[in-house]
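Please look over the chain below. A short report on its helix packing, its burial and its unusual backbone spots follows.

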Amino acid sequence: DTSELCPGFKDVDAFVKYGLGTVVSATKASAGLPQAGDEYDFYRSFTGFQDFCESQGDNLLRCMSQIMKHHGCRSHMMNQNTLTGQEDRFDLMVDSNDAILERVGILLDEADGVNRTQGPVMPAGFQPPKIVVSSWNRKGSGSGGRSEMFRLLHAKNVARPQLKFKEKVDNSNTPFIPKIFIKPNAVKPLPSYFTNKQMHKEKPEDLDVPAALADFIHQQRTQENVVDMCAHPYQYELDHLMIPESLLSKSEPQLYKPVAETKCSFITTLEELAALNEKLCQLSEFAVDLEHHSYRSFLGITCLMQISTREEDFIIDTLELRSEMYILNEAFTDPAIVKVFHGADSDIEWLQRDFGLYVVRLFDTHQASRALNLARHSLDHLLTHFCNVASDKRYQLADWRIRPLPEEMVQYARADTHYLLYIYDCVRAQLLDFNHGQPGLLKSVWDRSRDISLKKYMKPIFTEESYLELQRKQKKSFNTQQLAAFRLLFAWRDKLARQEDESTGYVLPTHMMIKISEELPKEPQGIIACCNPVPPLVRQQVNELHLLVQQAREMPLLKAEIAAQKKKGLTPIGKNQNTLFGPHDTSRVSEGDLHHFSSDAELPEGRGLLFSDDEQKMEIDVSETSGLMAAAQITLFEETETPKSQSLSVAQRKARRIEETFENPFRMYLPSEDIHVNQNAKFDPSSKIFEISKKWKLLSVEQQQQELEAKRKAKQEAKEQAKKATEERKKAKQSYQESLQNVATVRQQAAESTKGGGTKRERVSSEVGESSPKPKKKQLKCAEKTETASQDTFKPFDYSQSDLKVFAAGTRPKNNTQFDPNQQERDFKKKPPKGQKSSCGPGGRSMSYLAGKSERGFRHNWPKR
C-alpha cells in the first residue's frame, strides 16, 4: 500500500481536486448571501440571523488566526478595538496574504528548479550598502591590463553650493544684466551705470528685489538713460581688434610636457587666484576649459575652471571663488594674450553669467577643425589625431559639485587643457599649409572666434507662447485638451523650477510631461503612473498637477475642420482630361471647374430611385434644364431632409441642432475645399472655428444676433410707445389748463354778486323753539367780512324780541330738524314702560360725556345685531 499524502488523499491531484471543489462551492454559497444594503439590513433585523452571523464570523476569524500562526504571521484577529477593529483585521489579512503567496511562489520555483542559488531574503525596506568603486578599491585584471570601467554619474546627498554663494542666484523672469563693474584693458570706458553698480545695490530697499529689476529701479530713480545696459561691455574693443602679423605667420609647434612632469595646482583661495592672474598676464597664450553642472540648478552652475600654460596646469574651484573670479578679466581681456578654447560657444556665456568674465583674442580649435574639414571636430578626435593620446570620457557626465574631487576627476579635467596649446600650434600650421601659405583661411578662423567672443548670455524668458516652441521640437500633435494640459504643465514646471532653483528636467522631464498631456489622467494616481521614475517634486505637488489636468479636461474639443455649407443635389462632373484618374476622382479637379447648384435654385427635383422596378416617368423637359436635382434615397454623404423648424417642437429643434454638430465620418472621402484654419483662430473668441467648438454650449452667432436684434427692436418700440403716451398726457393737461383760464372761481363769483346786488339779504327771525341750522365756517367768514365792510358802527343785539323760554328747566323744545350726532337714536314705535324714564336726554345736553357715570360698555349700549 502506498502512503497517503494527507489523511484521506492519495496524491496531490486528489487533494487539489477536492480543494478546488471546496473553493467553488464556497464561492457559490457566498454569492447567495444577502447583499450589502437594504437587503442585509432587513435580514439583520431578525435575531436568529444576527446570532448565526456572529457565530460564523467568530469561527472564520478563529480559522484565519490559526492559518496565520502556522505561517508565522501576526494573528491577533480576535483581540481588536471596536472602533478600528475592522481596518486592523483587513491590514493583517493583506499582510498575511502577501507573506503566504510569496512563500508559495518561492516553493514553486524551487520545485521547478529555478533560483536554486537564491540569496537570503532581505526584509522589506532593507537595502545592502552600495560599494563606491574608486582608485583605492578598483578591481584590477590579473593580466595587468586596463582596469575595469566605471562611471560616476551623480552624487547623492551633495550639499547645494547655491546656499554658500554671496550673491543670490537670480532666477527671475527678467533680462540678464552684465555683472561687470570694472573694465580692464578698456579702449572705450565702461558706462557709469556699471561703475556705480555696487553702490546702488547696497540700498536696503533693493535687497529683496531681483538684480535686473533693481537695476531698472535705480535707472528710473537716477534718471540715467543707459541705452547699452544690456550691450556687450567689450563690443567696441572686439569690433576694432586687429590681428598682428605674428599670429598669421607660421611657427613651429612647441611640444607639450608629459603630464607626470607638469605641476598641477588646485586653487581655492583669493591669494592663490591673484597670484595666478599675475602669472597669466606675463604669458602670450594659455588654454582654458570649464566644467558645468545643469541638472540641479535652473540656470546652471560653473563648477570648475582649468587653465594650462606651457609649463604648468591650474584647476580653480569656482564654487568657492565665484564672487572673486572677476579679477581674471585683466588677463582674459588683454588683446596681447591668446586664449585657446575648444567649443567655446557655451563657455563664453557661462563666464559672463557666473563670473562677469569676458574674452578678447579668442582662438577656438573647434572652428579650426571645421575649416580643415577633419573627419570629426571633437576634442577627443583632435587629441588622437595630433597628440596620439586616447582621452578618457568616463567622467564627462559626472557631477562636478562633488567636494573634495576624486583624483580621477582631477586628472580628467586636467587633460582637457594640457594638450590644447600644442593642438593650437598644429592647427595654425595646417591652416597655412592648407591655403598654400596664404593667411586667408587662418584669418577666417580668427574672425569666427571673435564672433563667438561677442556672444551675450541671454536668460530664458518665459512667455505665454514658450510652450509652442517645445511642442514643435517634439513634433507632437495635440487636440485642444491635450494642448491646454501641455501649456499648463509647461508654465507650472517653469515657475516651480525658478522657485526651487532646479532644472526643468529635474522638476518634470519633457517626455513625462508629454505623456501626462496625452493621457490626461482622471486621478492623481494616473499622474504618478505616467512618470517612471517619479520626480520628487511631482510626488509633492501631485494634487496641484491633478487640478491643472482637470482644468485642461474641461476645455471643449474642437472639430478637425470647419463644417462646410451643406450642398443638396447632384454635382455634375466634367469630363476628366487626365487618363490616370477615374471619372469619379475629384481630387485633381479644381473647384472652379465644378458646377455648384444651391438649394435655392429653381430646379426640378426628382425622387431618388434605388431599384428599377420603382421607376416612374418624370414629366420634365430635360432640354430646358441645365441641371437636375435629385435627392438620393440611400446615401452616405448627404444629410436626410428634415421638416422645417416651424412645424417642429422645441425638443425636436434642439435635437436637430445637436445632430448638426456631429461630424460626418465619411467627410474624409469628399474633395477638400482648401480651407486653411489658423492655429490662433482656435483660441480667438471672434473666429468661426471657436464658435463651432462652443456650439455644444452656446447658440450660433447668427441666432444670437437675431435675438439681440429682436430685443433691440422691441426696446425701441416700447420707448416709442412710452414717448407717445407721455406726449398725449402733456397735451391733455395743457388743454385742460387752457380751459380753466376763462372760468371764474367761487370767490370771484361771490364778489361779483355782492357788487352787483348792493344790499345783503336779511335773516328771517325763527319762531320760538326753532333753531336755525348753523352756517359753515367759510360762509361765516365771508359774512363777517361783508358785515364789517358794510357797517361802520357797532350796534348791540336786541334781546327783547327773543324768546328766552327755551332756556327754562323742564321745558321741551320741539323736535329739531337738524341731525345731532350726540343724541341717541329714538324708536318712536315702542313706548317706554310705565315708571321708567326715557333714556333720551334733553335736547341741549351733550351725550359725549356724563359726569360721574360712564355708560360705555353696558348691555343696552351694545350695537344691535
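At what angle do H13 and H15 pack, and how far apart are their axes? The angle is about 75°, and the axes lie 10 Å apart. Axes are lines fitted to C-alpha atoms, for helices over the stretch in contact, and angles run from 0 to 180 degrees between N-to-C directions. H13 is therefore roughly perpendicular to H15. Angles of 65 to 115 degrees count as roughly perpendicular, under 35 as roughly parallel, over 145 as roughly antiparallel and the rest as oblique.

This is a predicted model: local features need pLDDT of at least 70, side-chain atom pairs count only at pLDDT 80 or more, and totals for chains, interfaces and linings use all residues. Residues are numbered from 1 along each chain as its sequence is written, and side-chain values use heavy atoms, with hydrogens and water left out.

**The chain overall**

The chain has 865 residues, and 28% of them are buried. Buried means under 20% relative accessible area, exposed means over 50%, and partly exposed lies in between (1.4 Å probe, protein chains only). Secondary structure comes to 28 helices and 8 strands. These are DSSP runs, numbered from the N terminus: helices are H or I of at least four residues, strands E of at least two. Take contacts between residues at least 6 apart in sequence: 67% of them join residues at least 24 apart. Contact means heavy atoms within 4.5 Å.

**Helix packing around H15**

H13 supplies Leu379, Leu382, Leu383, His385, Phe386 and Cys387 to its contact with H15. From H15 come Leu420, Tyr422, Ile423, Cys426, Val427 and Gln430. By class, this contact has 10 nonpolar, 2 polar and no charged residues. Ala, Val, Leu, Ile, Met, Phe, Trp, Tyr, Cys and Pro count as nonpolar; Asp, Glu, Lys and Arg count as charged; the others, Gly among them, are polar.

H15 (residues 420-434) also packs with H16 (residues 440-453). Here the angle is about 135°, with the axes 7 Å apart. H15 is therefore oblique to H16. H15 contributes Tyr424, Arg428, Leu431, Leu432 and Phe434. H16 contributes Leu441, Leu442, Val445 and Trp446. The H15 and H16 contact divides into 8 nonpolar, no polar and 1 charged residue.

**An enclosed helix**

Why is H14 described as largely enclosed by the rest of the structure? Because 9 of its 12 residues are buried. They are Glu408, Met409, Val410, Tyr412, Ala413, Arg414, Asp416, Thr417 and His418. The cover over these buried residues includes strands S1 (263-267), S2 (285-293), S3 (301-308) and S4 (312-317), plus helices H13 (379-387) and H15.

H14 (residues 407-418) also has the length expected of it. Its 12 residues should span 16 Å at 1.5 Å a residue, and its end C-alpha atoms are 16 Å apart. The expected span is 1.5 Å times one less than the number of residues.

**A buried valine**

Val340 sits in strand S5 (residues 338-341). Val340 is buried, with a relative accessible area of 0%. Leaving aside neighbours within four places in sequence, Val340 contacts Phe286, Ala287, Val288, Phe363, Thr365, Leu420, Leu421 and Tyr424. Thr365 is 25 residues from Val340 in sequence, yet 7.3 Å away in space, C-alpha to C-alpha.

**Cysteines**

How many disulfides does the structure hold? The count is 0. A disulfide is a pair of cysteine sulfur atoms within 2.5 Å. Cys63 is partly exposed, with a relative accessible area of 44%. Cys303 is buried, at 0% relative accessibility.

**Backbone spots to check**

Two cis peptide bonds and two positive phi values are listed here.

| Site | Backbone value | Location |
|---|---|---|
| Arg403 to Pro404 | cis, omega near 0° | Pro404: loop between H13 and H14 |
| Asn532 to Pro533 | cis, omega about -5° | Pro533: loop between H21 (524-529) and H22 (536-540) |
| Asn185 | phi near 55° | loop between H4 (85-112) and H5 (192-195) |
| Asn373 | phi about 55° | loop between H12 (365-371) and H13 |

Asn185 is partly exposed, with a relative accessible area of 35%. Asn373 is exposed, at 60%. Neither Asn185 nor Asn373 is a glycine.
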